[in-house]
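User: I am new to this structure and would like to learn how to read it. Could we proceed feature by feature?

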Amino acid sequence: MIRPVDYWRWENEVDPKLCKAMIKLAEDNWSTAETVHETDIEKQNADIRRGKTFFTSQSYIYDLFFPYMRNANKSADWNFDITSAEACQISKYDYNDHYDFHMDSIGTWPTRYNCPNNEYLHNKTRKISMTCTLNSDFEGGELEFVNGYDLKATQGTIIFFPSFMQHRVKPVTKGTRYSIVLWFLGTPWR
């Protein structure tokens, strides 16, 4: 039996003009990045996470990334049941900004959404996480997995991985790192 891979990646896949357009969506609308705990309380904790975020639900972003997710899900042999996605998060990491090791699902909030008025979220859990680097003019800020993978990505690079994999964004050492993050959802793990 072949073991499923830990992540799936496309290098320089998204057009630079589209990357810049996604950054522009967040222009002057940034919020301080927060961490969410199992107690459902949002906290600003610079020791764990320092940066800015903006959330959007622009349909062209889903139209762009859903086919890549389906391909990664099958090609990596995860074959997770995916039915929807959360709002897209555009992230901005300036000098020394970072996000310490964390998981997007299982063991951290939310393991299952309780949103009866939202069919896309209700009773769903994060299964596949995605990040796409939107620029290249920065240093540091690598996506690192707890198992040792340390991924430096250039503009337009898309990376998918199971949401239960521990990962972090290392501190930015020069410039500003922009990325877009998506979480793809499905029925809860059994």
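User: Does Phe145 count as buried or exposed?

Analyst: This is a predicted model, and the answer rests on computed relative accessibility. A residue counts as buried when its relative accessible area is under 20%. Phe145 has a relative accessibility of 1%, so it counts as buried. Of the 190 residues in the chain, 47% are buried.

User: What confidence does the chain have, in terms of pLDDT?

Analyst: The average pLDDT of the chain is 88, and 89% of the residues score at least 70. In residues 38–42, however, the pLDDT is below 50, and this stretch has 9 contacts in the model beyond near neighbours in sequence. Where pLDDT is low, the predicted coordinates should not be read in detail.

User: How many helices and strands does the secondary structure of the chain come to?

Analyst: There are 2 helices and 17 strands. One open sheet is formed by 5 strands, in the order β5-β9-β15-β12-β13, with antiparallel pairing. At its edges are β5 (49–50) and β13 (150–151), each of which pairs on one side only.

User: Which strand is joined to β9 by 2 bridges?

Analyst: Strand β9 (residues 98–102) is joined in this way to strand β15 (residues 167–169), and the two run antiparallel. Within this region, Tyr99 has Val169 in β15 as its bridge partner.

User: What does Arg49 touch, leaving aside residues up to four places away in sequence?

Analyst: To read the surroundings of a residue, one begins with its place in the fold. Arg49 belongs to strand β5. With a relative accessibility of 8%, Arg49 counts as buried. The residues that Arg49 touches include Ala33, Glu34, Thr35, Ser91, Tyr93, His98 and Tyr99. Gln89 is also on that list, and a polar contact of 3.5 Å joins the side chains of Arg49 and Gln89.

User: How many aromatic pairs does the count come to?

Analyst: The count is 11 aromatic pairs. One of them is formed by Trp10 and Tyr68, which are edge-to-face at 4.9 Å centre to centre, with 75° between the planes. Trp10 is in strand β1 (residues 8–10) and Tyr68 is in helix α2 (residues 59–75), so this pair ties together parts that are 58 residues apart in sequence. Both rings belong to buried residues: the relative accessibility of Trp10 is 16%, and Tyr68 has a relative accessible area of 17%.

User: Why is the pair of Phe145 and Tyr149 edge-to-face?

Analyst: An angle between the planes of over 60 degrees counts as edge-to-face. The planes of Phe145 and Tyr149 lie at 85°, with ring centres 6.4 Å apart, so the pair is edge-to-face. Its two members differ in burial: Phe145 is buried at 1% relative accessibility, whereas Tyr149 is partly exposed, with a relative accessible area of 33%.

User: Which residues form one aromatic cluster with Trp10?

Analyst: Phe66, Tyr68, Phe160 and Phe184 form one aromatic cluster together with Trp10.

User: Which residue lies over the face of Trp183, and which lies over the face of Phe138?

Analyst: Here one looks for a charge placed over a ring. Arg126 lies over the face of Trp183, at 4.1 Å from the ring centre. Over the face of Phe138 lies Lys152, at 3.9 Å from the ring centre.

User: What share of the contacts with a separation of 6 or more is between residues 24 or more positions apart?

Analyst: Such residues account for 79% of those contacts in the chain.

Key. Residues numbered from 1 in each chain as written. Predicted model: local features only at pLDDT ≥ 70, side-chain atom pairs only at ≥ 80, totals over all residues. Heavy atoms only, no water. Phe/Tyr/Trp six-rings, centres within 6.5 Å; stacked < 30°, edge-to-face > 60°. Helix = DSSP H or I, 4+ residues; strand = E, 2+ residues; numbered from the N terminus. Buried < 20%, exposed > 50% of the residue type's maximum accessible area, 1.4 Å probe, protein only. Lys NZ or Arg CZ within 6 Å of the ring centre and 35° of its normal. pLDDT = per-residue confidence, 0-100. Contact = heavy atoms within 4.5 Å. Pairing = 2+ DSSP bridges. Polar contact = N/O pair within 3.5 Å; in protein donor to acceptor, adjacent residues only side chain to side chain.
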